[in-house]
Amino acid sequence: MKIRFLLCSMMGLLVLAGGLWQPHDPDAIDLTLRHASPSLEHPLGTDHLGRDLASRMMIAGWRTASVVFAVGAIGFFGGSLAGTAAAIMGGWREQITLRAAELFIVVPTLIWALTAVAIFGLSPVTAGIALGLAGVGPYALLSNSLTHRVLGQPFVSAARGLGVSPPRLMTRHVLPNTLPLIFVYVGSQAGQAVVSYAALAFIGLGADPSRPDWGSMLYEYRLFAFDQPMLMIWPGLAIVTLTALLNWVFDRPEAHK
Amino acid sequence: MTGHIVRIGLRSAVSLLAVSALAFLVVAFMPSDPVMIAIRAWNLPVDETTINALRTEWGLDRPFPARYLSWLADFVTGDWGRSFRTGEPVLNEFSSRLPLSLGIGLGGLALAALAAVPLGFTAALKPGGIADRFSRLLAITVQAVPAFWLGLVLIWVLGVKLQLISPFSAGVDVIALAIGLVALHSTGMLARVYRRDLIEQTAQPYYRTALAKGLTRRQALWRHGHRSAIYALLSAMRSEAGWAIGTTAALEVLFGLPGISQFLVQSISARDYFVLLAYIMVVASWMLAVNASVELTLRRLDPRADR
């Protein structure tokens, strides 16, 4: 258990350091240095415009991390708030909230995000908000069912009998019991957020293809798959490593039994 | 049974209606003005008369609910608007591209269900054995490796190194590769679901009775566990359908296959909002159709749910 969080924080530090400092300007074009082989100066070599691949990978990692963070935060706060509030209010208001949450499941998260990104343009901010909001549905349904389980407990009846107001009931008695479980679920979806953001950047609706993202790099470098395969190997490896690490850290044992 | 079909149909229609309202709302927030886009796209003169004529023609001078209702009425009657980019009716553009997208998405899903049964069954037959470990590895791998990257690597390996396929040709070999990639993800997930349900059956008294009657483990699992596990596999297909659509979209872009997602990508730089609306509606109908057919099949398999 400890080693997982150690590895995860190491990865976090690595991504943070990569976002703050890169050996070269990731957008600096140097046509005299096209497709340079790896060297001390350019550890992963350069791309078709002579841009340093390592620097681009680092800034792309930072952009991916901010998307994952935004998706997690929006899903966690939005979903637990909506689901819990619905369960406490009950009646038709709960029904409407749950039906609205199901709407987001009818159309896959990626497609909703694709739509939003097509309209507002692709950046880590819009992608994070779009993927986050589109993913709120399942979290709301989960926190709703968890809350119902807690609401059936005797200590909640006792608190209600003592005249505790609904907002206080929620913060004091319900959320402390449901939040840890919702957090684990949000964490288990973090790896999926990495893949979804990569897919969004790869499909790249209205995106500026020169922006460094692992997904858009794969799209840009796919044309060089014949002569310079390493250009598309590195971003892919980065996606796989980060996703696998996140999946492993937040592994739900019952998912693989 | 007829009652269920009617009820599921009604529920799907209501969901589709709600999705359409939400989609229309999102698209209405588009920061750029469709009239100006159309004028630029069609090289019309930029003056008051043209702008006003287009505004009136598309009803953009009317309030939002009225615009939504008239769009919905048109959409239901088959008038999906015209694409700014190609100038063709959106319905025609979609109907010529949809078969390819559906073929890849649904074909991949069907292939995955077929492959998941033998894999999951072998895995359940001997927990901890080779098949079990392989299916577990597959499930973990497909969750971390994006299909479009795997496709890119396969282009390199199969297309460049081995010269087995001609990438970017939109030929049968590329379509087969796309179907296989969609199927790979779902095979991993569905095989685990199928296997888990089979293993749960082995704790049931009727399974032990079957063993006591002299059936081998394989016979007992197949005769007394398979049906229930198929039920679990089918319900897991609903969430896999969403994955299949997203993967199909990315693979169409990767391989340059002329499906609906590639059309969307090409249209979006022209801010083709009729295409965007049609795309959401088509995807939502696709998901709802998969959901409805899975649900009907589940009802058929387990009539107890009727009561």
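The following exchange concerns a predicted model with chains A and B, and takes up a helix pair, a chain contact and one loop residue.

Biologist: How are helix H9 and helix H10 of chain B oriented to each other, given their angle of about 135°?

Modeller: Helix H9 (residues 205-212) and helix H10 (residues 217-224) of chain B pack with their axes 9 Å apart, at an angle of about 135°. Angles over 145 degrees would count as roughly antiparallel and those from 65 to 115 as roughly perpendicular, and H9(B) and H10(B) are therefore oblique.

Biologist: Which residues of H10(B) make the contact with H9(B)?

Modeller: The crossing of the helices H9(B) and H10(B) is right-handed. On the side of H9(B) the contact is made by B:Tyr206, B:Tyr207, B:Ala210 and B:Leu211, and on the side of H10(B) by B:Ala220, B:Arg223 and B:His224.

Biologist: How do the residues on the side of chain B that touches chain A divide by class?

Modeller: In this contact, 40 residues of chain B meet 32 residues of chain A. Among the elements that give two or more residues to that side of chain B are helix H1 (2-28), helix H8 (172-201) and helix H13 (273-301) of chain B. The residues on that side divide into 32 nonpolar, 5 polar and 3 charged.

Biologist: Is A:His35, in the loop between helix H1 (2-20) and helix H2 (53-89) of chain A, buried, exposed or partly exposed?

Modeller: Most residues other than glycine have a negative phi, whereas phi of A:His35 is positive, near 50°. A residue counts as buried at 20 or more other C-beta atoms within 10 Å and as exposed at 12 or fewer. Because A:His35 has 15 such atoms within 10 Å, A:His35 is partly exposed.

Note on methods:
Residues are numbered from 1 along each chain as its sequence is written. Chains are lettered from A and ligands numbered from 1 in the order in which they are written. This is a predicted model: local features need pLDDT of at least 70, side-chain atom pairs count only at pLDDT 80 or more; totals for chains, interfaces and linings use all residues. Axes are lines fitted to C-alpha atoms, for helices over the stretch in contact, and angles run from 0 to 180 degrees between N-to-C directions. Helices (H or I, at least four residues) and strands (E, at least two) are DSSP runs, numbered from the N terminus. Angles under 35 degrees count as roughly parallel, over 145 as roughly antiparallel, 65 to 115 as roughly perpendicular and the rest as oblique. A crossing is left-handed if the near helix is turned anticlockwise from the far one by less than a right angle, and right-handed if clockwise. Two residues are in contact if their C-beta atoms, placed from the backbone, lie within 7 Å. Ala, Val, Leu, Ile, Met, Phe, Trp, Tyr, Cys and Pro count as nonpolar, Asp, Glu, Lys and Arg as charged, and the others, Gly among them, as polar.
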